[in-house]
Protein chains: 2
Amino acid sequence: MATGRTHRPATRSRGIPEATVARLPLYLRALTALSERSVPTVSSEELAAAAGVNSAKLRKDFSYLGSYGTRGVGYDVEYLVYQISRELGLTQDWPVVIVGIGNLGAALANYGGFASRGFRVAALIDADPAMAGKPVAGLPVRHTDELESIIRDNGVSIGVIATPAGAAQQVCDRLVAAGVTSILNFAPTVLSVPDGVDVRKVDLSIELQILAFHEQRKAGEESGPAAAAASRTGAPARTAPVAGSGKGPEGDVPAVMPA
Amino acid sequence: MATGRTHRPATRSRGIPEATVARLPLYLRALTALSERSVPTVSSEELAAAAGVNSAKLRKDFSYLGSYGTRGVGYDVEYLVYQISRELGLTQDWPVVIVGIGNLGAALANYGGFASRGFRVAALIDADPAMAGKPVAGLPVRHTDELESIIRDNGVSIGVIATPAGAAQQVCDRLVAAGVTSILNFAPTVLSVPDGVDVRKVDLSIELQILAFHEQRKAGEESGPAAAAASRTGAPARTAPVAGSGKGPEGDVPAVMPA
DNA sequence: CACTGTGAAACGCTTCACAGCA
DNA sequence: TGCTGTGAAGCGTTTCACAGTG
């Protein structure tokens, strides 16, 4: 899960719960699809199904935005598209920079959904001088030296970090110092930022590990819940290899036993 | 945030809260770094800082796994690495397939953190016949026709979907039919899957939209909370362009006014 | 004495269930 | 009648604060 930190810590920012904000883009996408098919109205039930949530949640979410529906009828698709777009700040264009044009950075630069909805790639930035000037997704890659001037000249407030983990904090610091206040981090590191800067992270490895956890549970449940329980009681830890054998740089197995 | 659906709907799977599971990989990463620096023990305070959470949360999280710390001392790094790895199911290797070898799929295939922790790319699959056989990240791309046999032959239970949105559901259905029970979806679509299959999604566009929301709030707060509130009262909707002008396939602005 | 482990309180989110309106 | 909008209940998560212990 790519969860952000540094949200409004205490109070909700003007009444809309964070969980609701996170779902608005989902609704918007579903509504846009309906709009393209010229569907005039949707019920909460239909829209909820399209967005993959339940209808009570959807209605509650929309109630935070105001009363935009019609009882007995549903929601006006076009109107709702506009209201949600406005609420999300997508009626204006957001210039973004992508820092780190490796495989991932290039993929992001080429990602269409990027430009389609209020976001514009203002620049691609990479530390490798050999990359400088090379066109990626129609834009010339700029060198890191230009980072500050690019951000200031374009009024960029959103930065995407797609560098290796080792460079991420440093890039982050420079982005923030230059005026960026929202960061989407693809590097597998915890970024520390001053108050007022939002960070959201996307981490493939974490997502896979969460899936692995559930996958393991499924396998363990084959012999009933008892089997799954037994594999967690400490005793099976005895099957652990002896410490110090070393099958790689990754942490080995401990010699310690649980209490 | 890339949040999955189809978790255990009601009861927690054997006592560990979902929120805790989602943080275990974070702790594991921090612990691995400590392990590589041969640090023998950490306090909850230190580890929490490294993982970007607060220490009370971390202690509570670890308490679900068992009592693995020593009062007055802290946690044994190696031991904890092993316990968390085991809990996450990373002591075994998980073969994964990546479907859709475009920019993103290639980036994922090349992503190192992939292999480093319990995951092994069993195959890269693409629908484009021209891609077949081409090496990406050292593996030859296989054609979609082989999807079922690849999954069965390799005992793959985790699939990564990096196809265009339009192909995602179909690919998903085939993966599930062939035996995959966990899916990481990068395509901007809601996937529907049968019970027992876990889906987690990673969606760049949604993350950016959430950032834009907060970014907008920051800008609005310059003139105090009153200004931000005013911009949500419906009256400003009058500034909306007239519907029907059409600047593209994306939904335009509605002609309807709020109640 | 420092730090873990954990009840209990606080909080936010989800779900229920139905009043209210078109 | 059909569907929205919403109080209120229910749940899961976070935070507090301190008892327990090596």
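Visitor: What do the side chains of Glu87(A) and Arg217(B) do?
Guide: They meet in a salt bridge, 2.9 Å from N to O. By salt bridge I mean a side-chain nitrogen of Lys or Arg within 4 Å of a carboxyl oxygen of Asp or Glu. Glu87(A) sits in helix α4 (residues 77-88) of chain A and Arg217(B) in helix α9 (residues 204-220) of chain B, so the pair joins two chains. Helices here are DSSP runs of H or I with at least four residues, strands are E runs of at least two, and both are numbered from the N terminus.

Visitor: Hang on, what kind of model is this?
Guide: It's a predicted model, where local features need pLDDT of at least 70, side-chain atom pairs count only at pLDDT 80 or more, and totals for chains, interfaces and linings use all residues. Residues are numbered from 1 along each chain as its sequence is written, chains are lettered from A and ligands numbered from 1 in the order in which they are written, and side-chain values use heavy atoms, leaving out hydrogens and water.

Visitor: Back to that pair. Is Glu87(A) buried or exposed?
Guide: Buried, with a relative accessible area of 3%, and Arg217(B) is buried too, at 5%. Buried means under 20% relative accessible area, exposed means over 50%, and partly exposed is in between (1.4 Å probe, protein chains only).

Visitor: How many salt bridges over all chains?
Guide: The count comes to 16. One of them pairs Lys218(A) with Glu215(A) at 3.4 Å, N to O. Those two are 3 residues apart in helix α9 of chain A, about one helical turn. Lys218(A) is buried at 17%, and Glu215(A) is buried at 6%.

Visitor: What about Glu146(B) and Arg142(B)?
Guide: Their side chains meet in a salt bridge at 3.0 Å, N to O. Glu146(B) is partly exposed at 30%, and Arg142(B) is partly exposed at 28%.

Visitor: Which residues are linked in a network?
Guide: Asp198(A), Glu215(B) and Lys218(B) are linked by salt bridges.

Visitor: How many residues of α9(B) are buried?
Guide: 14 of its 17, so α9(B) is largely enclosed by the rest of the structure. The end C-alpha atoms of α9(B) are 24 Å apart, which agrees with the expected 24 Å at 1.5 Å a residue; that expected span is 1.5 Å times one less than the number of residues.

Visitor: New topic: DNA strand D. Which residues come nearest?
Guide: Ser44(A), Gly69(A), Tyr75(A), Arg23(B) and Asn54(B), out of 26 residues around the strand. A residue is near the strand if one of its heavy atoms lies within 4 Å of it.

Visitor: What polar contacts are there with the bases or phosphates?
Guide: A polar side-chain atom of Arg59(A) lies 3.0 Å from a base nitrogen of DNA strand D, and one of Arg71(B) also lies 3.0 Å from a base nitrogen. A side-chain N or O atom of Asn54(B) is 2.6 Å from a phosphate oxygen. A polar contact is a pair of N or O atoms within 3.5 Å; within protein, one must be able to donate a hydrogen and the other to accept it, and residues adjacent in sequence count only if both atoms are side-chain atoms.

Visitor: Of the strand D atoms within 4 Å of the protein, how many are sugar or phosphate?
Guide: 63%, and the rest belong to bases.
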